[in-house]
Amino acid sequence: QYSPESVAGADGELDPTEVTFPGCSCRSRSCAAPECPCLSRGHNYSSPGLLLAEQQQQPFSRPVFECNSLCCCGEGCQNRLVQRGLRLRLQVFRTQRKGWGVRALQPIPEGSFVCEYAGEVLGFAEAQRRIQAQSPQEPNYIIAVREHLHDGRVMETFVDPTRVGNVGRFLNHSCEPNLFMVPVRVDSMVPKLALFAAADIAAGEELTYDYSGRFRNFPGASREHKAPEEENSLRKPCCCGSRTCASFLPWDSSLFSTA
C-alpha cells in the first residue's frame, strides 16, 4: 500500500500523525529566528533555497523542528519543507544487479530534500518480532534509526515499509551514497526520516544512501555488527560498486538478539 508519509504500525505503539507539539504564534508569512519557538529549538533550513545547510563538524548536530499544523504561520513558511512531501520527479527502475532502485529524472542540487523514508512506525518489540520472523532470503526493509543525545540517552525509531510505504523503500544502499538521512520533527517527537542530497545529482543518476548510518556521522554513531568471517556466508553481498565498498550490506545485530 502506497503512503506518502509514515503511519502507525500494527502494534499501535506510536502514531506519527498525533500532534503533541504546541504551534508558534508567528503572524508573518514566513517564520524567522529567534522570534519563532519552532526555529529556536534546533537547526534551521537555509534561505532562500529551502535547503538543509551544512552542519558544522561537532560531536552533536542540532535537531530539526518544522512548524506544524497548530502554527499560525502560512503554508508558504520556509520552515515547512519535509512535511510538503515529494516534489521531485523520481523513477523506480530495475537495476542490473540490485533489484529495484530509484533514479532522478531531473537535476537535484546539493542539500535539497528528496523524499521521506516512510512506512509503519513500530515499537522495538514489534520490529524485533518482524525481523526474527523473516528468512535470510527475504528482503528486509526495516530501518533502525538511533539519535544519540548529549546526555548519553539514545532515541530509537523503527520504520517498516514492507506493507505500507513510499518510494523510499526502493532506494538502494551505497558505501559512497549521494543521499543522507536526517530525522525531522513536525508534529511530535516521532521523526520523519528525511533524505537530502549529499551532492549535486544529475538527471538519470541512481539515488542511494548508506544503510549503516556511517555517512556524515561520527564513527561511534553506528551500531553496525562486525560479523566473524564464518558469518559472512549468511550476509547479503553489497553490489554498490564504489571504490570503498565493504563487500557486504550493513546490518544491526540488536534486532536479532533474543537476550
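Visitor: Where in the protein chain is confidence lowest, and where is it highest?
Guide: Mean confidence is lowest in strand S3 (residues 51-52), at 59, and highest in strand S8 (residues 120-122), at 98. The score is pLDDT, the predictor's confidence in each residue, from 0 to 100. Strands are DSSP runs (E, at least two residues), numbered from the N terminus.

Visitor: And what is the mean pLDDT of the protein chain?
Guide: The mean is 87, and 86% of the residues reach 70 or more. This is a predicted model, in which local features need pLDDT of at least 70 and side-chain atom pairs count only at pLDDT 80 or more, while totals for chains, interfaces and linings use all residues. Residues are numbered from 1 along each chain as its sequence is written, and side-chain values use heavy atoms, with hydrogens and water left out.

Visitor: Disulfides next. How many?
Guide: The count is zero, where a disulfide is a pair of cysteine sulfur atoms within 2.5 Å.

Visitor: Why is cysteine 24 not bonded to cysteine 71?
Guide: Because the sulfur of cysteine 71, the closest cysteine sulfur to that of cysteine 24, is 3.6 Å away, too far for a bond. Cysteine 24 is buried, at a relative accessible area of 1%. Buried means under 20% relative accessible area, exposed over 50%, and partly exposed in between (1.4 Å probe, protein chains only).

Visitor: What about cysteine 175?
Guide: Cysteine 175 is in no disulfide either. Its nearest cysteine sulfur belongs to cysteine 240, 3.9 Å away. Cysteine 175 is buried, with a relative accessible area of 13%.

Visitor: Switching to charges. How many salt bridges does the structure hold?
Guide: Twelve. A salt bridge here is a side-chain nitrogen of Lys or Arg within 4 Å of a carboxyl oxygen of Asp or Glu. One of them joins glutamate 206 and lysine 98, with the closest N and O atoms 2.9 Å apart.

Visitor: Which parts of the chain does that pair tie together?
Guide: Glutamate 206 is in the loop between strand S13 (192-197) and strand S14 (208-209), and lysine 98 is in the loop between strand S5 (90-94) and strand S6 (100-104), so the pair ties together parts that are 108 residues apart in sequence. Glutamate 206 is buried at 18% relative accessible area, whereas lysine 98 is partly exposed at 25%.

Visitor: What does arginine 243 form a salt bridge with?
Guide: With glutamate 176, at 3.6 Å between the closest N and O atoms. This pair links distant parts of the chain, 67 residues apart: arginine 243 is in the segment after S14, and glutamate 176 is in the loop between strand S11 (172-173) and strand S12 (179-185). Arginine 243 is exposed at 74% relative accessible area, and glutamate 176 is partly exposed at 32%.

Visitor: Which residues are joined into a network by shared partners?
Guide: Glu120, Glu126, Arg129, Arg130 and Asp160. Separately, aspartate 151 and arginine 153 meet in a salt bridge of 2.9 Å, N to O.

Visitor: Now the sheets. What is the strand order in the open sheet with S8?
Guide: S1-S8-S10-S9, four strands with mixed pairing. Its edge strands are S1 (7-8) and S9 (143-148), each pairing on one side only. Two strands pair if DSSP finds at least two bridges between them.

Visitor: How many bridges join S8 to S10?
Guide: Three, and the two strands run antiparallel. Valine 121 has valine 159 in S10 as its bridge partner.

Visitor: What about S5 and S6?
Guide: They form a hairpin with five residues between them, and glycine 99 in the turn has a positive phi of about 75°. S5 and S6 pair in the antiparallel sense over five bridges.

Visitor: Which strands are at the edges of the sheet ordered S4-S12-S13-S7?
Guide: Strand S4 (64-65) and strand S7 (113-116). S7 and S13 pair in the antiparallel sense over three bridges, and phenylalanine 113 stands opposite phenylalanine 196 in S13.

Visitor: Which cluster do ring pairs make with those two?
Guide: Phe113, Phe180 and Phe196 are linked into a cluster. The structure holds six aromatic pairs. Rings of Phe, Tyr and Trp (its six-membered ring) pair if their centres lie within 6.5 Å; planes under 30 degrees apart count as stacked, over 60 as edge-to-face and the rest as tilted.
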